[in-house]
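Let's take a look at the open spaces in this protein and at what packs its interior. Have the model open as you read.

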Amino acid sequence: MGIWWLILVFAAVFGAWLLGYQSRQSRFIAQKMNLPRDYLVGLNFLLNEEPDKAVDIFIKMLEVDSNTVETHLAVGKLFRRRGEVDRAIRIHQNLIARPQLDKVYREQSLYELGQDYFSAGVLDRAERIFLEVVSVKEYTVPALRALLDIYQQEKAWENAIQTASKLETATRKNMQLNIAHYYCELAETTFYKGQSEQANQYLKQALEADPNCVRASLFLARIEMGKNDYKTALKSLKKIKNQNPDYLSESIDYLASCYEELNEEEKLVSYLMQMLEQFPHVPVVLILSERIRKRKGDKVAAQYVADYVRRYPTLRGLHLFINLYISTTEGRARDDMVILQNLTKKLLADKPEYQCVSCGFSGKTLHWLCPGCKQWSSMKPVHCLEC
């Protein structure tokens, strides 16, 4: 398949050569024209499955001028899209090396070469090229986007912040959500180096960029809990309800721990009851049912969860109900409940915990940057998508 594709490309190249030949040799049009020797040599290489040598012939054969440069660019793109990046690089380098190449075509070739290096994973060379063409108006936006991809892959978050700001100016598209995550990445790096104050500062900058940044609020709460400042941690955690309630489940355990450390169980129950009215998520029910079980026993807790499941039926809710209700049964009824318990447990084990609302990527771990579509904050807890 690959060889035949190259043969078709070679045919297209010959067509371009022929057009160039005719434009240059119109005075000899009446003469009989033989096939160029290089064309035949190139075809021979293809048929002998030596495509690299064929490409060398192609580059030699196709003189770069206004009639053929578009063919060079088109074939270079085709090679890159097929994953044959080395060949694309050679074609684009050949174009750039021609001193007579028009400035517009040189800039286009340079940008395409940057794309080649990016596709090949040679990020340092790609970065240098995109930094060179970013000043060219036609390539400013695509070059900035490519640079942003590079800085994200390299975890060069300071550069990412600067580039995202420039991209926001160039496109008038809000990039503050991305910038907030870049500050959070910086906060994580400095925090794990023992620089908690610097991490705290980065998180505040994240919230300045995007006041709805749940990630920053969660991280701030963890830092404050580490200092035993549970009241301040609660303030950060309670913001999440208004920032993005889809992530409430990520804060529930921290909320419970803070209230417990402050010996304010009653306030915890009251707060969760209010939250449940607005956001009927399973994790909230789980914490509440555990408090009810401690105070009033398994039967009352199971009844509470049963009422929830009737209103908001989900597999996770049913599994929670079975876990509570099973302790109130005996004999055959208990055996039947164990069967159901094992079934729901197995079904849940096969289900992801998080899913991207953009591309559908799913997994057991929360990724703030979706590994599938590379969007920030697009992965959500599955339970909130079920509700």
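The lining of the largest pocket splits into 10 nonpolar, 4 polar and 4 charged residues. Keep in mind that this is a predicted model. Of the 18 residues around that pocket, V282, P283, L286, R316 and E353 sit nearest the centre. Several helices chip in: helix 14 (248–261), helix 16 (282–296), helix 18 (315–325) and helix 20 (382–386) each bring at least two residues to the lining.

Now for the second largest pocket. Its lining is made of 6 nonpolar, 4 polar and 4 charged residues. If you want to find its centre, look for L148, K173, M175, N178 and K374, which lie nearest to it. Helix 8 (140–154), helix 9 (157–171) and helix 10 (176–191) each hand over at least two lining residues, and helix 8 has the largest share, with 4 residues.

Here are the two pockets side by side.

| Pocket | Volume | Lining |
|---|---|---|
| Largest pocket | about 470 Å³ | 18 residues |
| Second largest pocket | about 360 Å³ | 14 residues |

So much for empty space; what about the packed interior? The largest nonpolar core counts 88 residues, and F130, I179, Y182, L203, L255 and M275 have the most contacts inside it. Helix 12 (residues 214–226) is the top contributor to this core, giving 8 residues.

Which residues does L203 touch, leaving aside its neighbours within four places in sequence? They are C184, A187, A216, F219, L220 and I223.

Key. Residues numbered from 1 in each chain as written. Predicted model: local features only at pLDDT ≥ 70, side-chain atom pairs only at ≥ 80, totals over all residues. Heavy atoms only, no water. 1 Å grid on protein atoms, 1.4 Å probe; cavity = no way out; pocket = protein on both sides within 12 Å on 5 of 7 lines; lining within 4 Å. Points joined across faces, edges and corners; volume = space filled by probe spheres on them. Nonpolar A, V, L, I, M, F, W, Y, C, P; charged D, E, K, R; others polar. Core = buried A, V, L, I, M, F, W, Y, C linked by side-chain atoms within 4.5 Å. Buried < 20%, exposed > 50% of the residue type's maximum accessible area, 1.4 Å probe, protein only. Contact = heavy atoms within 4.5 Å.
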